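Here are a few exercises to help you find your way around a new structure. Try each one yourself before you read the solution.

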Amino acid sequence: MARDLAIDLGTANTLVYMKGKGIVLNEPSVIAMNRQTGEVLATGHEAWQMIGRTPGYIVAVRPLRGGAITDFDVTERMIRLLLQRVGVSRFTRPKVVICVPSAITEVERRAVTDAARRAGAADAQLIEQPMAAAIGAQLPIDEPIGNMIIDIGGGTSETAVISLGGIVALEAVRVGSFDIDVAIQNYVRREHGIAIGERTAEDIKVAIGSAAVTPNEVQAEVNGRDLMQGLPKTVVLTPEEIRYAIDDTVTQIVQSVVRCLAKAPAELAQDFLVRGIHLVGGGGLLRGLAQRIELETHVPVLMADMPLEAVVLGAGHCIENYDQLKRMFMGQRR
Amino acid sequence: MRIVLIIVVLICIFIFGFLATSRRTPISDDSVDDFHKHLDALSPETRKFNIEPTKNIELEDSSDGP
(Lines give C-alpha, C1' and ligand atoms only; values in the text may rest on other atoms or scores of the structure.)
Protein backbone atom coordinates (compact mmCIF):
# COMPACT_ATOMS: atom_id res chain seq x y z
CA MET A 1 0.00 0.00 0.00
CA ALA A 2 1.50 3.34 -1.05
CA ARG A 3 1.90 6.08 1.51
CA ASP A 4 0.35 9.31 0.29
CA LEU A 5 2.68 12.21 -0.38
CA ALA A 6 2.73 15.99 -0.22
CA ILE A 7 5.16 17.72 -2.58
CA ASP A 8 6.33 21.32 -2.45
CA LEU A 9 7.45 21.66 -6.04
CA GLY A 10 9.38 24.89 -5.68
CA THR A 11 11.43 26.81 -8.19
CA ALA A 12 14.45 26.48 -5.89
CA ASN A 13 13.86 23.34 -3.82
CA THR A 14 11.57 20.34 -3.85
CA LEU A 15 10.41 18.88 -0.54
CA VAL A 16 8.45 15.66 -0.11
CA TYR A 17 6.34 14.78 2.94
CA MET A 18 5.25 11.17 3.39
CA LYS A 19 2.07 10.40 5.32
CA GLY A 20 2.89 9.14 8.80
CA LYS A 21 6.64 9.76 8.36
CA GLY A 22 7.21 13.49 7.85
CA ILE A 23 9.66 15.15 5.46
CA VAL A 24 11.56 12.45 3.59
CA LEU A 25 13.25 14.50 0.86
CA ASN A 26 14.55 18.07 0.58
CA GLU A 27 16.62 18.81 -2.52
CA PRO A 28 17.24 21.55 -5.09
CA SER A 29 14.84 21.40 -8.06
CA VAL A 30 17.63 20.76 -10.53
CA ILE A 31 18.16 17.99 -13.04
CA ALA A 32 21.32 17.28 -15.05
CA MET A 33 20.93 15.61 -18.43
CA ASN A 34 23.02 14.39 -21.29
CA ARG A 35 22.24 16.87 -24.05
CA GLN A 36 22.84 14.31 -26.80
CA THR A 37 21.06 11.22 -25.49
CA GLY A 38 18.54 12.88 -23.18
CA GLU A 39 19.60 10.58 -20.32
CA VAL A 40 19.19 11.90 -16.77
CA LEU A 41 22.62 12.04 -15.12
CA ALA A 42 21.83 13.55 -11.73
CA THR A 43 19.09 15.25 -9.73
CA GLY A 44 18.92 17.33 -6.57
CA HIS A 45 22.11 18.29 -4.71
CA GLU A 46 24.35 16.46 -7.15
CA ALA A 47 22.82 18.25 -10.16
CA TRP A 48 22.89 21.60 -8.32
CA GLN A 49 26.65 21.35 -7.91
CA MET A 50 26.93 20.97 -11.68
CA ILE A 51 25.18 24.29 -12.52
CA GLY A 52 27.52 26.41 -14.65
CA ARG A 53 30.31 23.82 -14.40
CA THR A 54 29.28 21.23 -16.94
CA PRO A 55 31.06 20.10 -20.10
CA GLY A 56 29.28 20.79 -23.37
CA TYR A 57 27.31 17.55 -23.50
CA ILE A 58 25.77 17.95 -20.02
CA VAL A 59 23.09 20.48 -19.19
CA ALA A 60 22.02 21.18 -15.60
CA VAL A 61 18.66 22.94 -15.56
CA ARG A 62 15.89 24.05 -13.26
CA PRO A 63 12.70 22.85 -14.95
CA LEU A 64 10.59 25.41 -13.06
CA ARG A 65 10.83 29.17 -13.40
CA GLY A 66 8.61 31.64 -11.58
CA GLY A 67 6.80 28.70 -10.00
CA ALA A 68 5.73 27.43 -13.42
CA ILE A 69 6.85 24.44 -15.42
CA THR A 70 9.02 25.65 -18.27
CA ASP A 71 9.89 22.19 -19.53
CA PHE A 72 7.10 19.67 -19.13
CA ASP A 73 9.08 16.53 -20.06
CA VAL A 74 12.00 17.38 -17.80
CA THR A 75 9.66 18.18 -14.89
CA GLU A 76 7.86 14.88 -15.36
CA ARG A 77 11.16 13.02 -15.30
CA MET A 78 12.30 14.91 -12.22
CA ILE A 79 9.03 14.12 -10.37
CA ARG A 80 9.26 10.47 -11.47
CA LEU A 81 12.80 10.20 -10.08
CA LEU A 82 11.82 11.94 -6.83
CA LEU A 83 8.87 9.59 -6.38
CA GLN A 84 11.10 6.58 -7.09
CA ARG A 85 13.55 7.78 -4.45
CA VAL A 86 10.82 7.87 -1.80
CA GLY A 87 9.68 4.35 -2.69
CA VAL A 88 6.93 4.84 -5.27
CA SER A 89 6.83 2.11 -7.90
CA ARG A 90 4.38 1.17 -10.62
CA PHE A 91 2.64 -1.10 -8.10
CA THR A 92 2.38 1.49 -5.34
CA ARG A 93 0.64 4.55 -6.68
CA PRO A 94 0.06 7.14 -3.93
CA LYS A 95 -2.32 10.07 -3.72
CA VAL A 96 -0.26 13.24 -4.09
CA VAL A 97 -0.93 16.81 -2.98
CA ILE A 98 1.28 19.34 -4.75
CA CYS A 99 1.84 22.92 -3.56
CA VAL A 100 1.73 25.44 -6.38
CA PRO A 101 1.75 29.26 -6.63
CA SER A 102 -1.73 30.72 -6.28
CA ALA A 103 -1.33 32.74 -9.48
CA ILE A 104 -0.90 29.59 -11.54
CA THR A 105 -2.84 29.51 -14.81
CA GLU A 106 -5.22 26.72 -15.85
CA VAL A 107 -2.66 25.45 -18.36
CA GLU A 108 0.10 25.38 -15.74
CA ARG A 109 -2.24 23.66 -13.29
CA ARG A 110 -2.94 20.89 -15.78
CA ALA A 111 0.76 20.60 -16.59
CA VAL A 112 1.58 19.96 -12.91
CA THR A 113 -1.19 17.41 -12.32
CA ASP A 114 -0.47 15.62 -15.61
CA ALA A 115 3.26 15.50 -14.79
CA ALA A 116 2.50 13.97 -11.36
CA ARG A 117 0.01 11.44 -12.74
CA ARG A 118 2.34 10.37 -15.53
CA ALA A 119 5.17 10.12 -13.00
CA GLY A 120 3.22 7.53 -10.97
CA ALA A 121 0.66 9.30 -8.79
CA ALA A 122 -2.80 7.70 -8.54
CA ASP A 123 -4.40 11.08 -7.93
CA ALA A 124 -2.88 14.56 -7.90
CA GLN A 125 -4.48 17.49 -6.08
CA LEU A 126 -3.11 21.03 -5.90
CA ILE A 127 -3.02 23.44 -2.97
CA GLU A 128 -2.01 27.10 -2.99
CA GLN A 129 1.39 27.71 -1.40
CA PRO A 130 0.31 30.51 0.97
CA MET A 131 -2.54 28.37 2.30
CA ALA A 132 -0.23 25.40 2.86
CA ALA A 133 2.34 27.74 4.43
CA ALA A 134 -0.23 29.13 6.87
CA ILE A 135 -1.20 25.59 7.92
CA GLY A 136 2.45 24.61 8.28
CA ALA A 137 3.31 27.77 10.24
CA GLN A 138 0.66 26.80 12.82
CA LEU A 139 -1.38 29.98 12.34
CA PRO A 140 -4.89 29.85 13.85
CA ILE A 141 -6.53 29.86 10.43
CA ASP A 142 -9.56 27.95 11.73
CA GLU A 143 -10.64 31.02 13.70
CA PRO A 144 -12.49 34.12 12.43
CA ILE A 145 -9.39 36.29 12.67
CA GLY A 146 -7.11 37.74 10.02
CA ASN A 147 -3.91 35.75 9.52
CA MET A 148 -1.52 37.32 7.06
CA ILE A 149 1.29 35.29 5.55
CA ILE A 150 4.04 36.15 3.06
CA ASP A 151 5.73 33.29 1.21
CA ILE A 152 8.84 34.38 -0.67
CA GLY A 153 10.11 31.56 -2.83
CA GLY A 154 12.70 31.26 -5.57
CA GLY A 155 10.41 32.45 -8.36
CA THR A 156 7.27 33.85 -6.72
CA SER A 157 6.27 35.98 -3.75
CA GLU A 158 2.77 35.53 -2.43
CA THR A 159 0.91 37.33 0.30
CA ALA A 160 -2.40 36.03 1.58
CA VAL A 161 -4.92 36.93 4.25
CA ILE A 162 -6.58 33.81 5.64
CA SER A 163 -9.55 33.53 7.95
CA LEU A 164 -11.94 30.66 8.75
CA GLY A 165 -9.90 28.21 6.69
CA GLY A 166 -10.13 30.20 3.45
CA ILE A 167 -8.22 32.87 1.54
CA VAL A 168 -9.75 36.33 2.01
CA ALA A 169 -7.24 38.39 0.02
CA LEU A 170 -4.32 37.39 -2.13
CA GLU A 171 -1.53 39.11 -4.01
CA ALA A 172 1.13 37.27 -5.98
CA VAL A 173 4.05 38.45 -8.07
CA ARG A 174 6.41 36.35 -10.15
CA VAL A 175 9.43 37.81 -8.40
CA GLY A 176 11.50 35.86 -5.91
CA SER A 177 14.96 35.24 -4.56
CA PHE A 178 16.28 34.12 -7.97
CA ASP A 179 15.46 37.60 -9.28
CA ILE A 180 17.60 38.99 -6.45
CA ASP A 181 20.47 36.76 -7.65
CA VAL A 182 19.98 37.99 -11.22
CA ALA A 183 19.99 41.61 -10.02
CA ILE A 184 23.33 40.97 -8.26
CA GLN A 185 24.78 39.34 -11.40
CA ASN A 186 23.68 42.30 -13.54
CA TYR A 187 25.06 44.86 -11.07
CA VAL A 188 28.47 43.19 -10.85
CA ARG A 189 28.63 42.92 -14.65
CA ARG A 190 27.61 46.57 -15.16
CA GLU A 191 29.53 48.29 -12.37
CA HIS A 192 32.63 46.09 -11.98
CA GLY A 193 32.88 44.62 -15.48
CA ILE A 194 33.06 41.01 -14.35
CA ALA A 195 30.79 38.08 -15.07
CA ILE A 196 29.72 35.85 -12.19
CA GLY A 197 27.58 32.71 -12.19
CA GLU A 198 24.20 31.98 -10.67
CA ARG A 199 25.70 30.18 -7.68
CA THR A 200 28.24 32.93 -6.94
CA ALA A 201 25.44 35.52 -7.01
CA GLU A 202 23.50 33.40 -4.53
CA ASP A 203 26.58 33.13 -2.28
CA ILE A 204 26.97 36.94 -2.34
CA LYS A 205 23.29 37.35 -1.42
CA VAL A 206 23.63 34.94 1.51
CA ALA A 207 26.93 36.44 2.69
CA ILE A 208 26.32 40.19 2.48
CA GLY A 209 22.86 40.70 0.92
CA SER A 210 20.33 42.75 2.87
CA ALA A 211 17.15 44.71 2.31
CA ALA A 212 17.84 47.22 5.11
CA VAL A 213 20.88 48.33 7.10
CA THR A 214 21.82 45.63 9.61
CA PRO A 215 24.46 45.56 12.38
CA ASN A 216 27.93 44.02 11.87
CA GLU A 217 27.98 44.35 8.10
CA VAL A 218 31.05 43.04 6.26
CA GLN A 219 32.44 43.30 2.74
CA ALA A 220 32.96 40.35 0.40
CA GLU A 221 35.65 39.45 -2.12
CA VAL A 222 34.15 38.09 -5.31
CA ASN A 223 35.90 36.16 -8.05
CA GLY A 224 34.63 36.34 -11.60
CA ARG A 225 35.71 36.66 -15.22
CA ASP A 226 36.82 40.08 -16.49
CA LEU A 227 34.57 40.94 -19.41
CA MET A 228 37.26 42.97 -21.21
CA GLN A 229 40.27 40.69 -20.83
CA GLY A 230 38.54 37.35 -20.25
CA LEU A 231 40.82 36.67 -17.27
CA PRO A 232 39.84 35.79 -13.69
CA LYS A 233 39.48 38.90 -11.52
CA THR A 234 38.67 39.65 -7.87
CA VAL A 235 36.57 42.61 -6.75
CA VAL A 236 35.35 43.74 -3.32
CA LEU A 237 31.62 44.29 -2.87
CA THR A 238 30.03 46.21 -0.01
CA PRO A 239 26.60 45.57 1.57
CA GLU A 240 25.49 49.08 0.41
CA GLU A 241 26.22 48.14 -3.20
CA ILE A 242 24.19 44.93 -2.92
CA ARG A 243 21.30 46.80 -1.26
CA TYR A 244 21.34 49.23 -4.18
CA ALA A 245 21.55 46.37 -6.71
CA ILE A 246 18.57 44.46 -5.32
CA ASP A 247 16.44 47.44 -4.35
CA ASP A 248 14.07 47.27 -7.35
CA THR A 249 13.36 43.58 -6.77
CA VAL A 250 12.86 44.01 -3.02
CA THR A 251 10.56 46.99 -3.68
CA GLN A 252 8.37 44.86 -5.99
CA ILE A 253 7.97 42.27 -3.21
CA VAL A 254 7.22 44.89 -0.55
CA GLN A 255 4.72 46.63 -2.84
CA SER A 256 2.82 43.37 -3.35
CA VAL A 257 2.49 43.06 0.45
CA VAL A 258 1.16 46.62 0.61
CA ARG A 259 -1.39 45.83 -2.15
CA CYS A 260 -2.58 42.75 -0.26
CA LEU A 261 -3.05 44.79 2.91
CA ALA A 262 -5.11 47.27 0.92
CA LYS A 263 -7.29 44.47 -0.50
CA ALA A 264 -8.05 42.95 2.92
CA PRO A 265 -11.37 43.81 4.58
CA ALA A 266 -11.13 46.68 7.06
CA GLU A 267 -12.47 44.42 9.83
CA LEU A 268 -9.28 42.34 9.70
CA ALA A 269 -6.85 45.28 9.76
CA GLN A 270 -6.76 45.41 13.55
CA ASP A 271 -5.87 41.71 13.66
CA PHE A 272 -2.76 42.37 11.56
CA LEU A 273 -1.63 45.12 13.93
CA VAL A 274 -2.02 42.82 16.93
CA ARG A 275 -0.93 39.50 15.42
CA GLY A 276 1.58 40.72 12.84
CA ILE A 277 2.48 39.36 9.41
CA HIS A 278 4.15 35.94 9.22
CA LEU A 279 7.04 35.43 6.86
CA VAL A 280 7.99 32.05 5.32
CA GLY A 281 10.06 30.82 2.38
CA GLY A 282 13.77 30.96 1.60
CA GLY A 283 13.53 34.51 0.25
CA GLY A 284 12.24 35.65 3.63
CA LEU A 285 15.65 34.82 5.11
CA LEU A 286 17.21 37.83 3.34
CA ARG A 287 18.63 40.02 6.10
CA GLY A 288 16.64 43.15 6.85
CA LEU A 289 13.64 42.12 4.72
CA ALA A 290 11.31 41.79 7.73
CA GLN A 291 12.42 45.25 8.96
CA ARG A 292 11.91 46.74 5.48
CA ILE A 293 8.35 45.33 5.27
CA GLU A 294 7.66 46.55 8.82
CA LEU A 295 8.91 50.01 7.90
CA GLU A 296 6.71 50.29 4.83
CA THR A 297 3.53 48.68 6.22
CA HIS A 298 3.74 49.73 9.88
CA VAL A 299 2.76 46.18 10.80
CA PRO A 300 5.05 43.87 12.82
CA VAL A 301 6.62 41.05 10.79
CA LEU A 302 7.48 37.69 12.38
CA MET A 303 9.57 34.89 10.90
CA ALA A 304 7.94 31.44 11.08
CA ASP A 305 9.70 28.69 13.08
CA MET A 306 10.48 26.54 10.04
CA PRO A 307 10.34 28.98 7.13
CA LEU A 308 11.76 26.59 4.51
CA GLU A 309 9.56 23.64 5.46
CA ALA A 310 6.29 25.40 6.36
CA VAL A 311 4.68 24.87 2.94
CA VAL A 312 5.31 21.13 2.71
CA LEU A 313 4.36 20.65 6.38
CA GLY A 314 1.02 22.33 5.67
CA ALA A 315 0.40 20.15 2.63
CA GLY A 316 1.48 17.17 4.73
CA HIS A 317 -1.20 18.04 7.26
CA CYS A 318 -3.76 17.97 4.41
CA ILE A 319 -2.51 14.50 3.43
CA GLU A 320 -2.84 13.32 7.04
CA ASN A 321 -6.44 14.63 7.19
CA TYR A 322 -7.34 14.15 3.54
CA ASP A 323 -11.11 13.69 3.91
CA GLN A 324 -11.64 16.61 6.28
CA LEU A 325 -9.45 18.97 4.26
CA LYS A 326 -10.48 18.06 0.71
CA ARG A 327 -12.02 21.47 0.27
CA MET A 328 -8.60 23.10 0.62
CA PHE A 329 -7.54 21.77 -2.75
CA MET A 330 -7.74 23.97 -5.83
CA GLY A 331 -10.92 23.35 -7.79
CA GLN A 332 -12.56 21.57 -4.83
CA ARG A 333 -14.00 24.57 -3.03
CA ARG A 334 -17.77 24.56 -2.72
CA MET B 1 -47.10 -12.83 -13.97
CA ARG B 2 -49.25 -10.00 -12.67
CA ILE B 3 -47.86 -10.51 -9.16
CA VAL B 4 -44.29 -10.23 -10.45
CA LEU B 5 -45.20 -7.05 -12.27
CA ILE B 6 -46.76 -5.60 -9.12
CA ILE B 7 -43.65 -6.52 -7.10
CA VAL B 8 -41.39 -4.88 -9.68
CA VAL B 9 -43.53 -1.74 -9.66
CA LEU B 10 -43.48 -1.68 -5.84
CA ILE B 11 -39.70 -2.09 -5.81
CA CYS B 12 -39.38 0.75 -8.31
CA ILE B 13 -41.67 2.97 -6.20
CA PHE B 14 -39.63 2.07 -3.09
CA ILE B 15 -36.31 2.89 -4.78
CA PHE B 16 -37.70 6.10 -6.25
CA GLY B 17 -39.16 7.08 -2.86
CA PHE B 18 -35.88 6.28 -1.10
CA LEU B 19 -33.86 8.34 -3.54
CA ALA B 20 -36.32 11.23 -3.39
CA THR B 21 -36.32 11.35 0.44
CA SER B 22 -32.59 10.91 0.73
CA ARG B 23 -32.08 13.85 -1.62
CA ARG B 24 -34.56 15.91 0.33
CA THR B 25 -32.74 15.33 3.63
CA PRO B 26 -31.51 18.74 4.67
CA ILE B 27 -28.08 19.18 3.13
CA SER B 28 -27.43 22.14 5.37
CA ASP B 29 -26.86 19.88 8.39
CA ASP B 30 -24.23 17.88 6.50
CA SER B 31 -22.53 20.98 5.25
CA VAL B 32 -22.47 22.50 8.74
CA ASP B 33 -20.91 19.31 10.10
CA ASP B 34 -18.46 19.16 7.20
CA PHE B 35 -17.40 22.74 7.77
CA HIS B 36 -16.88 22.10 11.49
CA LYS B 37 -14.79 19.01 10.70
CA HIS B 38 -12.81 21.10 8.21
CA LEU B 39 -12.13 23.82 10.80
CA ASP B 40 -11.36 21.24 13.50
CA ALA B 41 -8.79 19.63 11.20
CA LEU B 42 -7.16 23.06 10.82
CA SER B 43 -7.00 23.85 14.53
CA PRO B 44 -3.49 24.24 15.96
CA GLU B 45 -4.16 21.35 18.40
CA THR B 46 -4.83 18.92 15.55
CA ARG B 47 -1.83 20.15 13.60
CA LYS B 48 0.50 19.70 16.54
CA PHE B 49 0.27 15.91 16.20
CA ASN B 50 1.36 15.95 12.58
CA ILE B 51 3.97 18.63 12.68
CA GLU B 52 5.82 17.87 15.91
CA PRO B 53 6.76 14.27 15.02
CA THR B 54 8.02 15.67 11.71
CA LYS B 55 10.36 18.01 13.53
CA ASN B 56 11.75 15.03 15.46
CA ILE B 57 12.31 13.04 12.29
CA GLU B 58 14.15 15.95 10.76
CA LEU B 59 16.37 16.44 13.78
CA GLU B 60 17.25 12.73 13.82
CA ASP B 61 17.99 12.82 10.09
CA SER B 62 20.22 15.87 10.38
CA SER B 63 22.20 14.32 13.22
CA ASP B 64 22.83 11.23 11.11
CA GLY B 65 23.97 13.21 8.09
CA PRO B 66 27.57 13.95 7.14
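**Exercise 1: a small sheet in chain A**

In this predicted model, A:Ala220 sits opposite A:Leu237, a residue of β16(A). Work out how β15(A) and β16(A) are joined, and which strands lie at the edges of their sheet.

Solution. Start with the pair of strands: β15(A), residues 220-226, is linked to β16(A) by six bridges, and the two run antiparallel. Next, widen the view: the sheet is open and has three strands, in the order β14-β15-β16 of chain A, with antiparallel pairing. Finally, look for strands that pair on one side only: these are β14 (194-195) and β16 (232-237) of chain A, the edge strands.

**Exercise 2: a helix in its surroundings**

Find out how many residues of helix α10 (residues 310-320) of chain A are buried, and what that says about the helix.

Solution. To count as buried, a residue needs 20 or more other C-beta atoms within 10 Å of its own. Go along the helix: the buried residues of α10(A) include A:Ala310, A:Leu313, A:His317 and A:Glu320. The full tally is 11 of the 11 residues, so helix α10 of chain A is largely enclosed by the rest of the structure.

**Exercise 3: where chain B meets chain A**

Describe the side of chain B that touches chain A: how many residues, from which elements, and of what class?

Solution. First, count: 14 residues of chain B are in contact with 17 residues of chain A. Then find the elements giving two or more residues to chain B's side: α2 (27-42) and α3 (44-64) of chain B. Of the elements, α3(B) gives the most, with eight residues. Last, sort by class: chain B's side has seven nonpolar, four polar and three charged residues.

Terms used: Residues numbered from 1 in each chain as written. Chains lettered and ligands numbered in written order. Predicted model: local features only at pLDDT ≥ 70, side-chain atom pairs only at ≥ 80, totals over all residues. Buried ≥ 20, exposed ≤ 12 C-beta atoms within 10 Å, placed from the backbone. Helix = DSSP H or I, 4+ residues; strand = E, 2+ residues; numbered from the N terminus. Contact = placed C-beta atoms within 7 Å. Nonpolar A, V, L, I, M, F, W, Y, C, P; charged D, E, K, R; others polar. Pairing = 2+ DSSP bridges.
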